[in-house]
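Here is a small set of exercises to work through with the sequence and the model side by side. Try each task before you read its solution.

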Amino acid sequence: MAKYRYTKREHFRRYLEKAGVVDSLTSVLVALYEQPERPNNALEFVKQHLGAAGQTSADTEALQQEVIDLRQRCARLAEENKDLKTRLQRHEPVSEDGATAE
């Protein structure tokens, strides 16, 4: 029975190593150890750092591309808005107080 438990534990340890869990935990614990001042909530520190480590580069790249796309869209919409205001101004001049002239 002891041999079975050891074998099962060894398989689980190898599984964690292959999945990168051991490296991630080690990195977070080293970062916690190297903090000049210990955080008040060590568990929260670990959660935050594991969350950041859990993002893959594909996730980051997808988010960066989305930001680029949204910025381009915003710029296009701002330009379109400017053009429409200019066209509207030609047809409905605005007086000093902001009201349209009739």
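**Exercise 1. Find the residues that form a nonpolar patch on the surface, and name the helix that gives the most to the patch.**

Solution. Start with the rule: a patch takes residues with over 30% relative accessible area and no salt bridge, joining like charges within 9 Å and nonpolar side chains (Val, Leu, Ile, Met, Phe, Trp, Tyr) within 5 Å. Next, apply the rule to the surface: V21, L25, L29 and L50 make up a nonpolar patch, and together they have about 300 Å² of accessible area. Areas here come from the Shrake-Rupley method with a 1.4 Å probe, and for residues only the protein chains shown count as cover. Finally, look at the helices, which are DSSP runs of H or I with at least four residues, numbered from the N terminus (strands are runs of E with at least two). Helix 2, residues 21-33, contributes the most, with 3 residues; L29 has its place in this helix.

A word on the ground rules before you go on. This is a predicted model, in which local features need pLDDT of at least 70 and side-chain atom pairs count only at pLDDT 80 or more, while totals for chains, interfaces and linings use all residues. Residues are numbered from 1 along each chain as its sequence is written, and side-chain values use heavy atoms, leaving out hydrogens and water.

**Exercise 2. Describe the fold pattern and the exposure of the chain.**

Solution. First, count the elements: there are 4 helices and 0 strands. Reading along the sequence then gives α-α-α-α. For exposure, use three classes: buried is under 20% relative accessible area, exposed is over 50%, and partly exposed is in between (1.4 Å probe, protein chains only). Of the 102 residues, 5% count as buried. The chain exposes about 9400 Å², with carbon and sulfur atoms supplying 55% of that area.

**Exercise 3. Which residues do the salt bridges join into one network?**

Solution. A salt bridge needs a side-chain nitrogen of Lys or Arg within 4 Å of a carboxyl oxygen of Asp or Glu. That rule gives 3 salt bridges.

- Step one: R13 meets E10 at 2.4 Å, N to O; these two are 3 residues apart in helix 1, about one helical turn.
- Step two: R14 also bridges to E10, with the closest N and O atoms 3.9 Å apart, and the two lie 4 residues apart in helix 1.
- Step three: R13 pairs with E17 at 2.6 Å between the closest N and O atoms, again 4 residues apart in helix 1. Shared partners thus join E10, R13, R14 and E17 into one network.

To finish, classify the members: E10 is buried at 17%, whereas R13 at 35%, R14 at 37% and E17 at 40% are partly exposed.

**Exercise 4. Is the pair of F12 and Y15 stacked, tilted or edge-to-face?**

Solution. Rings of Phe, Tyr and Trp (its six-membered ring) pair if their centres lie within 6.5 Å; planes under 30 degrees apart are stacked, over 60 edge-to-face, and the rest tilted. The count comes to 1 aromatic pair. The ring centres of F12 and Y15 are 6.0 Å apart and the planes stand at 35°, so the pair is tilted. Both residues lie in helix 1 (residues 2-18), 3 residues apart. Y15 is exposed, with a relative accessible area of 54%.
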